[in-house]
Amino acid sequence: MTEQRLGIIMNGVTGRMGTNQHLVRSILAIRAQGGVVLANGDRVMPDPVLVGRNADKVERLARAHGLERWTTDLDGALANKDDALFFDAASTQLRAGLVERAVAAGKHVYCEKPVADTLEDALRVARLADKAGIRHGVVQDKIFLPGLLKLKMLRDAGFFGRILSVRGEFGYWVFEGDLQPAQRPSWNYRKADGGGIILDMLCHWRYVLDHTIAPVRSVSCLGANHIPERVDEDGRPYRADADDAAYATFELEGGVIAQMNSSWCTRVNRDDLVTFHVDGTKGSAVAGLHRCVSQSNINTPKPVWNPDQPRTMRFVEQWQEVPDVVSFDNGFKVQWEMFIRHIFEDAPWQHGLLEGARGVQLAEAGLKSWQERRWVDLPNLTL
Ligand SMILES: NC(=O)c1ccc[n+]([C@@H]2O[C@H](COP(=O)([O-])OP(=O)(O)OC[C@H]3O[C@@H](n4cnc5c(N)ncnc54)[C@H](O)[C@@H]3O)[C@@H](O)[C@H]2O)c1
């Protein structure tokens, strides 16, 4: 058994996602477990160099985690032949340009979603990456969540019969920043900075629906800007002009109808921050991030509509838990490990930049649908 090194240029790593999910829970966790084991028994050990604009912040982050390598010089990092992979979790608007620079420098690339803020840019970088022959990928973490893995297992088992519909609820209250500090960055609420829930969340719904239910073919979306003024990280009021809720309906292959409400302006009264309710001819299921419950045709009770009587049936108790038969690791880490195997031993990989572009395609179509108040079809994307 030999140990191979993977030098990773990690950009935007002082941010929320970069620090928590990618550095700490993925790369450092992989290092702590002794690397990624390949089929031949070799181990790949990630060796990150942290890149950011603010030297003080990046250095402190590196030191806090016992890492030696950090820099504010992205060009210098890209020029280092010993670091083969570029990763980006900085703000959305810069991503396509950064990925393009990394591809030009001959690096493999992996990045957060959305891969770009327009479909044109997303396709351009996907084509460049393909032509350069490098390995590339986009984060599609939600399909690695236990709740969604269970939902997919039910679908693959034929549990649902013919799937009729999906109702998804995503969201929670994001504080305005006046009385309580906001729990999301202020750029999320400014159009000019690449904010907006449609661009942010429809990318997720594309791969979740495509992989777990059926491919998305068409969208009708109504966005909203419910809270037009918020207070930023420095306590300054700003115009929050981006969409902070999206009420969307999708048509999927096979006639499945999916409705997804996405909102940063809703208070949670459900089992999880995101839930998917799937109805099929032979059974139904409701999945959250971790749990999934099911009800088959033969276990379906018969409620009788009588508004004059108080309700006696406890509907939520009539569902059966899909058990945890395996232990689930962090979804971001699982995807990192898959990508590392893809780089080193050509392991199967379905999450390349074209997949990322499909997410942007749905977001762009959602925005167009809202603007033009009509259904928008999604043509099949190819490189
Ligand atoms: N997969 C997911 O579930 C998920 C969830 C949230 C966010 N995201 C994505 O992750 C990305 C980051 O989101 P976040 O919530 O962590 O944001 P954030 O604001 O917390 O972090 C952004 C990072 O980018 C850096 N940055 C911003 N402008 C820069 C510039 N000009 N040059 C260099 N660095 C710059 C910031 O310093 C910070 O480190 C976004 O693209 C977002 O869509 C993904």
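Start with Ala 224 in this predicted model. Its bridge partner in S12 is Ala 245. Now colour the two strands around that bridge. S9 and S12 pair in the antiparallel sense over 8 bridges.

**Along S12 to S13**

Move along to Ala 246. Its bridge partner in S13 is Ser 262. Then pick Glu 251, whose partner in S13 is Ile 257. Select strand S12 (residues 245-252) and strand S13 (residues 257-263) together. They pair over 7 bridges, in the antiparallel sense. Look next at the hairpin of S12 and S13, with its 4 residues between the strands. Click Gly 254 there: this glycine takes a positive phi near 85°.

**The whole sheet**

Now show the sheet from side to side. What is the order of its strands? Read S17-S16-S15-S14-S8-S13-S12-S9-S18. That makes an open sheet of 9 strands with mixed pairing. Strand S17 (320-321) and strand S18 (376-377) are the edge strands, each pairing on one side only.

**Val 216**

Go back to S9. Select Val 216, which lies in this strand (residues 216-224). Is Val 216 buried or exposed? Val 216 counts as buried because its relative accessible area is 0%, and the cut-off for buried is under 20%.

Show what Val 216 touches, leaving aside neighbours within four places in sequence. The contacts are Arg 206, Leu 209, Asp 210, Phe 250, Glu 251, Leu 252, Leu 362 and Leu 378. Glu 251 is the residue you met as the bridge partner of Ile 257. Add Trp 205 to the view. Trp 205 and Val 216 are 11 residues apart in sequence, and their C-alpha atoms are 9.2 Å apart in space.

**The nonpolar cores**

Keep Trp 205 selected. It is among the residues with the most contacts inside the largest nonpolar core, along with Leu 151, Ile 213, Phe 250, Leu 252 and Phe 276. This core has 50 residues. Helix H7 (residues 197-212) gives the largest share, 9 residues. In soluble globular proteins, nonpolar side chains tend to be buried together.

Zoom in on Leu 151. Which residues does Leu 151 touch, not counting those up to four places away in sequence? They are Phe 160, Thr 212, Phe 276, Val 278, Ala 285, Ala 287 and Cys 292.

Then look for a second, separate core. It has 29 residues, including Ala 77, Phe 86, Leu 98 and Val 138.

**The cavity**

Leave Val 138 selected and turn to enclosed space. How many cavities of 30 Å³ or more does a search of the whole structure find? The search finds 1. The largest cavity has a volume of about 60 Å³. Val 138 is one of its lining residues. Add Lys 113, Pro 114, Val 115, Val 139 and Gln 140. Then add Cys 203, Arg 206, Tyr 207, Glu 355, Gly 356 and Gly 359 to finish the lining. H7 and helix H9 (353-372) each supply at least two of the lining residues. By class, the lining divides into 6 nonpolar, 3 polar and 3 charged residues.

**The second largest pocket**

Last stop. The second largest pocket has a volume of about 630 Å³. Of the 28 residues that line this pocket, select the closest to its centre: His 277, Val 286, Val 293, Val 316 and Trp 319. Strand S14 (274-280), strand S15 (283-287) and strand S16 (292-296) each supply at least two lining residues. Colour the lining by class to see 9 nonpolar, 13 polar and 6 charged residues.

Conventions:
Residues numbered from 1 in each chain as written. Predicted model: local features only at pLDDT ≥ 70, side-chain atom pairs only at ≥ 80, totals over all residues. Heavy atoms only, no water. 1 Å grid on protein atoms, 1.4 Å probe; cavity = no way out; pocket = protein on both sides within 12 Å on 5 of 7 lines; lining within 4 Å. Points joined across faces, edges and corners; volume = space filled by probe spheres on them. Nonpolar A, V, L, I, M, F, W, Y, C, P; charged D, E, K, R; others polar. Core = buried A, V, L, I, M, F, W, Y, C linked by side-chain atoms within 4.5 Å. Buried < 20%, exposed > 50% of the residue type's maximum accessible area, 1.4 Å probe, protein only. Contact = heavy atoms within 4.5 Å. Pairing = 2+ DSSP bridges.
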